[in-house]
Amino acid sequence: LTMDAGDPLDTTVYNYRAMIGSLIYLSTCTRPDISQAVGVLSKFAAAPTTEHWRAGKRVLRYLAETPTFGITYNEQKIGLIGYSDADYAGDLDTRRSTTGYVFILNGGAVCWSSKRQAIVATSTAEAEYVAAAAAVKEALWLRMLAADMRLDVSTVCIMADNQAAIRVLKDPIASQRTKHIDVAYHFARERVRRKEVCFKYIPTQEMVADALTKAVPESKLVFCRQGMGVF
C-alpha cells in the first residue's frame, strides 16, 4: 500500500480511524499476528483512501475467521527467547525498513513490536542491526523484570537471520559498512560483550518474527503465529 493508492475515503461514512483504533487495541493485547498489517494501515489514518479501507476489511475478515485465537502458554516450555528481524526498505513511500521482534516465554509471546525504523537504512545488514538494537532494549527490560519475579534469566538469547548483522554485533571493529551508523545503535555491541544478551543465527525459514516485518504467505503466517503461541 502507498499513500496515494485509491480514491479519497469519505470518512463521514466510513470511520477509518475507529477501525484502526480497535485493531491497534487487539494487536497490542492478544493478537501479535496482525501487528504488521495494523502498523501499515495506521500510517494512512490522516488521509485514508478506498484501498486502505478495503485492506482494513481484509484484516477484519481474518479476525472473523479466527475469533477464538489468543496467546497460549505452556508450563513445560520454560525459558525466555527472542527473535529479531527487519524488512529492508519495505515502506514504498519513505523507503524505511520495518523492525520486528518478539520475545517468547513458556511457549507464548510476552512482548512484540512491528515498527518503522527512524532512519533510512542503506543495506540489509544495517536494517537488521537497527532492529537488533531495538530488540536488545526490550531484552534488557525483560531481564530486569525477570529478576524482580525471581526467574533465572542471566543472558537473553535473541535469534537473528542475518549473519552480517550478527558479525557487527560481535565485532567492535568499525568498517566502511558500519562506521556511518548512528552511535545510538552501537550500545547493542556493549550489551553483547557484557553477556547480558547473545545473538544466534537461524535460517529465515525458522524466523518467527518474519510476520512482524512484512506481508508473508499463508503457510509462513501460520508458522509465525504458532511460534508466538497464538492458537
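Select Glu 190 to begin: this residue is partly exposed, with a relative accessible area of 32%, and its place is in helix α6, which covers residues 187-193. With Glu 190 still highlighted, add Leu 169 to the selection; the two stand 21 residues apart in sequence, while their C-alpha atoms are 8.5 Å apart in space. Keep in mind throughout the tour that this is a predicted model.

Next, display the strands alone, and an open sheet of five of them appears in the order β3-β2-β1-β4-β5, with mixed pairing. Its edges are formed by β3 and β5, the latter spanning residues 197-201, and each of these edge strands pairs on one side only. From one strand to the next the twist averages 20°. Now bring back helix α4, which packs on this sheet and touches β1, β2, β3, β4 and β5, its direction making about 155° with that of β1.

From here, select strand β2, residues 98-105, and colour its residues by accessibility: the strand is mostly covered, since seven of its eight residues are buried, where buried means under 20% relative accessible area. Turn then to its two pairings. With strand β1, residues 80-87, β2 pairs in the antiparallel sense over eight bridges, and a pair to pick out there is Gly 82 with its bridge partner in β2, Phe 103. With strand β3, residues 108-116, β2 also pairs in the antiparallel sense, over eight bridges, and here Val 102 can be selected together with Trp 112 of β3, which it stands opposite. While the side chains of these strands are on display, it helps to recall that in a regular strand the side chains alternate between the two faces of the sheet.

Follow β2 to its junction with β3, where the two strands form a hairpin with two residues between them. Select Asn 106, which is found in the loop between β2 and β3, and inspect its backbone: phi is near 55°, a positive value in a residue other than glycine. Is Asn 106 fully out in the open or under cover? Neither label applies, because at 23% relative accessibility Asn 106 counts as partly exposed. A second stop with a comparable backbone feature is Arg 150, whose phi is positive at about 60° although this residue is not a glycine. Arg 150 has its place in the loop between α4 and β4, the strand of residues 156-160, and at 81% relative accessibility it counts as exposed.

For the last stop, return to helix α4, residues 124-148, and select Trp 141, which lies in it. Trp 141 is partly exposed, with a relative accessible area of 45%. Extend the selection to Met 144, Leu 145, Met 149 and Leu 151, and show the surface: together with Trp 141 these residues make a nonpolar surface patch of about 510 Å². Trp 141 can belong to such a patch because its accessible area of 45% is over the 30% that patch residues need.

Terms used
Residues numbered from 1 in each chain as written. Predicted model: local features only at pLDDT ≥ 70, side-chain atom pairs only at ≥ 80, totals over all residues. Heavy atoms only, no water. Patch = residues over 30% accessible without salt bridge, like charges linked within 9 Å, V, L, I, M, F, W, Y side chains within 5 Å. Areas by Shrake-Rupley, 256 points an atom, 1.4 Å probe, with all protein chains shown as cover. Salt bridge = Lys/Arg side-chain N within 4 Å of Asp/Glu carboxyl O. Helix = DSSP H or I, 4+ residues; strand = E, 2+ residues; numbered from the N terminus. Buried < 20%, exposed > 50% of the residue type's maximum accessible area, 1.4 Å probe, protein only. Pairing = 2+ DSSP bridges. Axes fitted to C-alpha atoms, helices over the stretch in contact; angles between N-to-C directions. Contact = heavy atoms within 4.5 Å.
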